[in-house]
Amino acid sequence: MSPCEKTYAQRALQHTNPAAKILLETMERKRSNLAVSVDVTKTEDFLAIIDAVGPFTHVDILEDFEAVLIQQLQDLSKKHDFVIFEDRKFADIGQDLFLCDCPSDNTTGNTVSLQYSSGVHKIASWSHITNAHPVPGPSIIAGLASVGLPLDRGLLLLAEMSTKGALTTGVYTEKAVRMARARRDFVIGFIAQRRMEGVGIAAGETVDVTEDFLILAPGVGLHAKGDAMGQQYRTPKEVILDSGCDVIIVGRGIYGTDPSLTEAIANRAQEYRAAGWEAYLHRLPSS
């Protein structure tokens, strides 16, 4: 049975990664497969939107970021029962090699693990899930896992993107999936537009029937098909039911151009939440 034919609760029981379990259990409990992408630059707007709908965050674009924000975000996570996904899109190498004129021939650093664990944002300390580009190769997963696994975190790889002309196709996507299969302890799924079962399987290879990667899909809109930035939108039905994805990612379609209109934002979020959940129920065999 394909993962998309199982309930989120059934899949949670089979996942070993704690972040994947938490996400699936939360979706089932809240009857929601909506992730709201909070792409604003002011903390006041950021917290207002999150308090209205629950987040998928971009703390690195906040112009007035302060460390106290993280505690506020965690408090809201408990208040509204949501999983935090920081859309960091890591893309640096997992291991740096620096040659130097010192007693040892060389020293090694770990750029991406420090970006994840340290600096101003300290993402690993509070974000259940983050994501990364597979461009640097398997070392980026190793670097992030060295920090995230001990904290029960999970990683999504960007296997596909929803913008017009994106290069994340073909062999690129296949290699991303193969990298994920090699680290199923930490890689819990993909940012993608479709299911990945069978992708990247070489001739003669056996498909692992227990494979269950979560698919979070951006480019979702109820009332528009695209925008001036090249984004291409599909409906929740097209994403969840037709393509078998698990989570719809929506940003401006929910919070619009005025983050202060929290009642309207909450209403639009409920519209997307209902559409996404209905599509999910229709794809289950018993529906």
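User: Which residues does Arg153 touch, not counting residues up to four places away in sequence?

Analyst: In this predicted model, Arg153 touches Asn17, Ala19, Tyr116, Ala124, Ser125, Trp126, Ser127, His128, Gly148 and Phe186. Arg153 itself sits in the loop between α6 (138–148) and β7 (154–158).

User: Is Arg153 buried or exposed, and how far away is the nearest side chain of opposite charge?

Analyst: Side chains of opposite charge can pair when their charged atoms come close. Arg153 is buried yet lacks a salt bridge, and the nearest side chain of opposite charge, that of Asp152, is 7.2 Å away. A salt bridge requires the nitrogen and the carboxyl oxygen to be within 4 Å.

User: How many salt bridges does a search of the whole structure find?

Analyst: The search yields 13 salt bridges. One of them joins Arg29 and Asp81, with the closest N and O atoms 2.9 Å apart. This pair links distant parts of the chain, since Arg29 belongs to helix α2 (residues 18–30) and Asp81 to the loop between α4 (68–80) and β3 (85–90), 52 residues apart. Asp81 counts as partly exposed, because its relative accessibility is 28%.

User: Where do Glu160 and Arg194 lie in the chain?

Analyst: Glu160 forms a salt bridge with Arg194, the closest N and O atoms being 2.6 Å apart. The two partners come from distant parts of the chain: Glu160 from the loop between β7 and α7 (170–181), Arg194 from the loop between β8 (187–191) and β9, 34 residues apart. Glu160 is buried, at 9% relative accessibility, whereas Arg194 is partly exposed, at 35%.

User: Which residues do salt bridges with shared partners join into one network?

Analyst: A separate pair may be noted beforehand: Asp185 forms a salt bridge with Arg183, with the closest N and O atoms 3.0 Å apart. Salt bridges that share partners join Arg11, Arg195, Glu197, Asp212, Asp246 and Arg283 into one network.

User: What is the environment of Arg234, and is this residue buried or exposed?

Analyst: Arg234 counts as buried because its relative accessible area is 19%, and the cut-off is under 20%. Its place is the loop between β9 (214–217) and α8 (236–242). A polar contact of 2.8 Å joins the side chains of Arg234 and Ser243.

User: Which residues of helix α3 are buried?

Analyst: An α-helix has 3.6 residues a turn, so residues three or four places apart point the same way. In α3 (residues 43–53), the buried residues are Thr43, Phe46, Leu47, Ile49, Ile50 and Val53. Viewed down the axis of α3, they fall within an arc of 165°, so they line one face of the helix.

Notes. Residues numbered from 1 in each chain as written. Predicted model: local features only at pLDDT ≥ 70, side-chain atom pairs only at ≥ 80, totals over all residues. Heavy atoms only, no water. Helix = DSSP H or I, 4+ residues; strand = E, 2+ residues; numbered from the N terminus. Buried < 20%, exposed > 50% of the residue type's maximum accessible area, 1.4 Å probe, protein only. Polar contact = N/O pair within 3.5 Å; in protein donor to acceptor, adjacent residues only side chain to side chain. Lys, Arg positive; Asp, Glu negative; His and termini not counted. Contact = heavy atoms within 4.5 Å. Arc of directions from axis to C-beta.
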